[in-house]
Each structure stands twice: as structure tokens, then as C-alpha cells.
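Please look over the sequence and the model shown here. The report below takes up the cores, the disulfides, the strands and the salt bridges.

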Amino acid sequence: QVQLVESGGGSVQAGGSLRLSCAASGFAGSMYCMGWFRQAPGKERERVASIYTYAGNTYYADSVKGRFTLSHDKSENTLYLQMNSLKPEDTAVYYCAGRWYWHSPTCPSSRDDYNLWGQGTQVTVSS
């Protein structure tokens with residue numbers, strides 16, 4: 001079964017850290033683009049970070065730059081998001097997403113351009 005499975009969400013106080021994992025399974029090779037999106041109640045789903053796995057090009061939303069770090073382990077076909085200095089406004093459901101083929105080392109920003117999604121994991125940051 002082709003799937004992305006997230007783990008690592010939870011509840012922390014402001015200033016704390018969490019590490020999200022996204023394990024890809026059911027297919028050979030790597031997806032061209034993988035990333036994390038998040039959706040807070042009443043808000044649109046937004047891209048947090050993404051990586052073009054074949055070259056390592058990364059993107060971070062301005063709101064998380066300097067605090068979040070994205071990495072991809074090709075051997076394990078797993079995507080990680082290290083989140084430090086968490087703020088209450090980071091509270092959301094975080095979704096892992098992947099794109100099978102992409103023509104550019106700049107991964108797409110729109111959720112509509114991603115082929116495969118995980119089930120989501122809740123991150124709650126209290127003040």
C-alpha cells in the first residue's frame with residue numbers, strides 16, 4: 001500500500017521542540033518533492049517546508065525560518081521536520097505530502113500539486 005505515515009506530534013509549551021517524521025512506503029525510489037503543510041482551525045492549509053529530494057533544495061515559510069529544519073533520509077525514505085522555539089501560532093495539524101514527479105528543483109507551493117498525503121498529526125503549543 002502506497003502511503004505516507006506521520007508521527008511525532010504532541011503538546012509542548014512555547015519555546016519547546018518537537019520532531020515530526022513522515023515514513024513513505026509501498027513504492028520504490030523517492031518522490032521528487034516532499035514537504036510539510038499545516039492547517040490551523042479556520043485557516044487554509046499552508047506549506048511550511050519542502051524539499052526537492054534529488055538535489056536537496058529546500059524551502060521554508062518565512063514564519064518558520066530559523067526555527068524549523070527539514071531533512072530527508074533517502075535510505076529510509078523518511079522525511080523529518082525538526083521544530084524548535086515553538087510558538088502558540090505553530091499550533092495546527094501538520095500534514096506530510098509528496099509529489100511523484102516535478103519538473104523543477106523548486107517544489108510547488110500549492111497543495112493541489114501534491115499527489116500523496118499523510119493522515120496528519122496534531123501539534124499544540126501552549127503559552
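What follows is a short report on a predicted model.

## Nonpolar cores

The largest nonpolar core holds 29 residues. Trp-36, Leu-81, Met-83 and Tyr-94 have the most contacts inside it. Seven strands are listed as suppliers of at least two residues each: β3 (18–25), β4 (33–39), β5 (46–52), β7 (68–73), β8 (78–83), β9 (92–99) and β11 (121–126). Strand β3 gives the most, with 4 residues.

A second core is separate from the largest one and has 7 residues. Among them are Phe-37, Ala-97, Trp-102 and Cys-107.

## Disulfides

A search of the whole structure finds 2 disulfides. Counting bonded cysteines along the chain, the pattern is 1-3, 2-4. Each such link is a covalent bond between the sulfur atoms of two cysteines.

One disulfide joins Cys-22 to Cys-96, with an S to S distance of 2.0 Å. Cys-22 sits in strand β3 and Cys-96 in strand β9, so this pair links distant parts of the chain, 74 residues apart. The S-S torsion of Cys-22 and Cys-96 is about -80 degrees, so the disulfide is left-handed. Cys-22 is buried at 0% relative accessibility. Cys-96 is buried too, with a relative accessible area of 0%.

The other disulfide is formed by Cys-33 and Cys-107, whose sulfur atoms are 2.2 Å apart. Cys-33 lies in strand β4, and Cys-107 lies in the loop between β9 and β10 (116–117). The pair therefore ties together parts that are 74 residues apart in sequence. A torsion of about -95 degrees about the S-S bond of Cys-33 and Cys-107 makes this disulfide left-handed. Cys-33 is buried, with a relative accessible area of 0%. Cys-107 has a relative accessible area of 7% and also counts as buried.

## Strand β11 and its neighbours

In a regular strand the side chains alternate between the two faces of the sheet. Strand β11 shows the alternation. Thr-121, Val-123 and Val-125 point to one face and are buried. Gln-122, Thr-124 and Ser-126 point to the other face and are not buried.

Strand β11 pairs with β2 (residues 10–13) in the parallel sense, over 4 bridges. Here Val-12 stands opposite Val-125. Strands β9 and β11 run antiparallel and are joined by 3 bridges. Tyr-94 stands opposite Thr-121 in β11. Tyr-94 is also among the residues with the most contacts inside the largest core.

## Salt bridges

The structure holds 4 salt bridges. One of these is between Arg-38 and Glu-46, where the closest N and O atoms are 2.7 Å apart. Arg-38 is buried at a relative accessible area of 6%. Glu-46 is partly exposed, at 35%.

Asp-90 and Arg-67 also meet through their side chains, at 2.7 Å from N to O. This pair links distant parts of the chain, 23 residues apart: Asp-90 is in the loop between β8 and β9, and Arg-67 is in the loop between β6 (57–60) and β7. Both Asp-90 and Arg-67 are buried. Salt bridges that share partners join Arg-38, Glu-46, Arg-67 and Asp-90 into one network.

Asp-62 forms a salt bridge with Lys-65, the closest N and O atoms being 3.2 Å apart. Both Asp-62 and Lys-65 are exposed.

Methods: Residues are numbered from 1 along each chain as its sequence is written. This is a predicted model: local features need pLDDT of at least 70, side-chain atom pairs count only at pLDDT 80 or more; totals for chains, interfaces and linings use all residues. Side-chain values use heavy atoms; hydrogens and water are left out. A nonpolar core is a set of buried Ala, Val, Leu, Ile, Met, Phe, Trp, Tyr and Cys residues joined through side-chain atoms within 4.5 Å. Buried means under 20% relative accessible area, exposed over 50%, partly exposed in between (1.4 Å probe, protein chains only). A disulfide is a pair of cysteine sulfur atoms within 2.5 Å. Two strands pair if DSSP finds at least two bridges between them.
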